[in-house]
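Trainee: Got a minute to go through a model with me? I'd like to start with a single residue and work outwards.

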Amino acid sequence: MALAKLGVVVLDCSDPRALAGFYAQVLGGSVEEDSGDSSWVDLKAPGGQALAFQQAPGFVPPRWPAPDGSQQFHLDLVVEDLDAAEKEVLALGAKPLDAEDRSRTWRVYADPAGHPFCLCAC
């Protein structure tokens, strides 16, 4: 039985609206910005798939191929119960990165290789 289901893939960038517009042209779909918050933009692609774009201050584009370059994305994993899911991912080797604020509907962890991911009860 799966612990979570994939919510959305999030790409860090310097201009979320512009990058979402690019992918909207490539994939189709509609760009949806959260009521004036230009630091996060969603692209609802045809077929129900989605990509999200998050503003990252000091963004440095990934280099490929480059063994020392970052690919700069993270996974949002949708869960029913944040506390139960947190316990399980920590047992699997995840490390908390930003999980102290228990009032939020999301928490950030690093996988065993150091890649960030979020558990989201949203």
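Trainee: Is Val26 buried or exposed?

Mentor: Val26 is exposed, with a relative accessible area of 52%. Buried means under 20% relative accessible area, exposed over 50%, and partly exposed in between (1.4 Å probe, protein chains only). This is a predicted model: local features need pLDDT of at least 70, side-chain atom pairs count only at pLDDT 80 or more, and totals for chains, interfaces and linings use all residues. Residues are numbered from 1 along each chain as its sequence is written, and side-chain values use heavy atoms, with hydrogens and water left out.

Trainee: Where is Val26 placed?

Mentor: Val26 is in helix α1, residues 16-27. Helices (H or I, at least four residues) and strands (E, at least two) are DSSP runs, numbered from the N terminus. The C-alpha atoms of Val26 and Trp64 are separated by 21 Å, at 38 residues apart along the chain.

Trainee: Now Glu86. Buried or exposed?

Mentor: Glu86 counts as buried, at 11% relative accessibility. Glu86 lies in helix α2.

Trainee: What is Glu86 in contact with, leaving aside neighbours within four places in sequence?

Mentor: Ala99, Arg102, Arg107, Tyr109 and Leu119. Contact means heavy atoms within 4.5 Å. Leu3 is 83 residues from Glu86 along the chain, with 10 Å between the C-alpha atoms.

Trainee: And how accessible is Ala84?

Mentor: Ala84 is partly exposed, at 33% relative accessible area. Ala84 is in helix α2 too. From Ala84 to Leu3 it is 9.4 Å, C-alpha to C-alpha, and 81 residues in sequence.

Trainee: Switching to pockets. What volume does the largest pocket have?

Mentor: About 420 Å³. Of the 19 residues lining the largest pocket, the closest to its centre are Gly7, Val8, Trp40, Asp42 and Asp76. On a 1 Å grid over the protein atoms alone, a pocket is an open set of points where a 1.4 Å probe fits, with protein on both sides within 12 Å along at least five of seven lines; lining residues have an atom within 4 Å of a point. Grid points are joined across faces, edges and corners, and a volume is the space filled by probe spheres set on the points.

Trainee: Which element gives the largest share of that lining?

Mentor: β1, with 4 residues. By class, the lining of the largest pocket has 11 nonpolar, 5 polar and 3 charged residues. Ala, Val, Leu, Ile, Met, Phe, Trp, Tyr, Cys and Pro count as nonpolar, Asp, Glu, Lys and Arg as charged, and the others, Gly among them, as polar.

Trainee: What about the second largest pocket, which helix gives the most to its lining?

Mentor: Helix α2, residues 82-91, with 3 residues. The second largest pocket holds about 260 Å³ of space. Its lining residues include Leu3, Ala84 and Glu88. The classes there are 8 nonpolar, no polar and 4 charged.

Trainee: Last topic, rings. How many aromatic pairs are there?

Mentor: The count is 3 aromatic pairs. One of them is Phe22 with Tyr23, edge-to-face, at 5.0 Å centre to centre and 85° between the planes. Rings of Phe, Tyr and Trp (its six-membered ring) pair if their centres lie within 6.5 Å; planes under 30 degrees apart count as stacked, over 60 as edge-to-face and the rest as tilted.

Trainee: Which residues form the aromatic cluster?

Mentor: Phe22, Tyr23 and Phe53. Phe22 is partly exposed at 47%, and Tyr23 is partly exposed at 24%.
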